Amino acid sequence: MERTGIQDEEKLWSKKHAEETRRWASIRAQTLSRTVNGMMYYEKALRLLANMERLDEDTTNDLVGEKFGYVVSCQVYGNMKRNQDPKADDIEALMHRFPHLRVAYIDSIRLNRDGAAVYFSVLVKSDGEGNIVEVYRVKLPGNPVIGEGKPENQNHAMIFTRSEFLQTIDMNQEG
């Protein structure tokens with residue numbers, strides 16, 4: 001309220017200010033949002049360099065797409081989406097805000113009543129028109145989570161990365 005100069009708390013959550021307030025709070029409280037915002041500074045830096053080289057916008061977009069990709073591995077995104085958890089909407093808002101962001105998650109489909117399931121590693125992105133689209137779906141030999149979870153979460157997303165350099169960071173870090 002102090003930052004926006006609004007005295008009445010009701011006005012802070014009006015349609016006009018709600019999105020900005022949620023973003024501000026997310027960067028300060030949600031580790032995923034803070035980490036994604038920080039890592040996207042790499043993309044901003046690449047755009048700045050291209051701008052200094054006086055490249056046109058189309059060339060800049062092509063180069064940024066070639067030089068920078070960001071895959072967030074969120075094992076439970078599929079379950080959150082299926083259960084209509086608002087956290088899935090927050091992750092989708094990040095994908096819409098950052099077009100080069102991709103989210104990898106583990107999906108499972110039950111084959112029969114005895115509980116047997118098939119597991120997939122799935123990559124999704126924003127299509128730029130407000131939709132989340134599936135980019136890849138890779139069948140896994142079984143449930144990839146056999147230990148602590150964090151290494152498996154990174155490993156299942158590794159197949160969606162390419163290039164000469166790969167950096168893995170924990171969610172509580174910032175760029």
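Let's begin at Y77, which is buried at 2% relative accessibility, below the 20% cut-off. The model we are exploring is a predicted one. Searching the whole structure turns up two aromatic pairs. In one of them, Y77 meets Y105 edge-to-face, with 5.2 Å from centre to centre and 65° between the planes. Because Y77 belongs to helix α6 and Y105 to strand β2, this pair ties together parts that are 28 residues apart in sequence. Y105 is buried too, with a relative accessible area of 8%.

The other pair, Y136 and F160, is stacked: the centres are 6.1 Å apart and the planes differ by 15°. Here Y136 sits in strand β4 and F160 in the segment after α8 (150–157), 24 residues apart. Y136 is partly exposed, at 49% relative accessible area, while F160 is buried, at 13%.

Now return to strand β2, where you will find D107. This residue is buried, with a relative accessible area of 8%. Its side chain makes a polar contact of 3.0 Å with the side chain of R137. R137 also lies over the face of F120, 5.1 Å from the ring centre, and F120 is among the residues that D107 touches.

Finally, look at helix α7, residues 86–97. Its twelve residues, at 1.5 Å each, should span 16 Å, and the end C-alpha atoms are 17 Å apart, which agrees. The buried residues of α7 are A88, I91, E92, L94 and M95. Seen down the helix axis, they fall within an arc of 150°, so they line one face of α7. Their cover includes α3, α6, β2, β3 and β4. At the N-terminal end, D85 caps α7, with a side-chain oxygen 2.9 Å from the backbone nitrogen of K87.

Terms used: Residues are numbered from 1 along each chain as its sequence is written. This is a predicted model: local features need pLDDT of at least 70, side-chain atom pairs count only at pLDDT 80 or more; totals for chains, interfaces and linings use all residues. Side-chain values use heavy atoms; hydrogens and water are left out. Helices (H or I, at least four residues) and strands (E, at least two) are DSSP runs, numbered from the N terminus. The expected span of a helix is 1.5 Å times one less than its number of residues. Buried means under 20% relative accessible area, exposed over 50%, partly exposed in between (1.4 Å probe, protein chains only). The arc is that of the directions from the helix axis to the C-beta atoms. Contact means heavy atoms within 4.5 Å. A polar contact is a pair of N or O atoms within 3.5 Å; within protein, one must be able to donate a hydrogen and the other to accept it, and residues adjacent in sequence count only if both atoms are side-chain atoms. Rings of Phe, Tyr and Trp (its six-membered ring) pair if their centres lie within 6.5 Å; planes under 30 degrees apart count as stacked, over 60 as edge-to-face and the rest as tilted. A charge sits over a ring if NZ of Lys or CZ of Arg is within 6 Å of the ring centre and within 35 degrees of the ring normal. Lists of a residue's contacts leave out its neighbours within four places in sequence.
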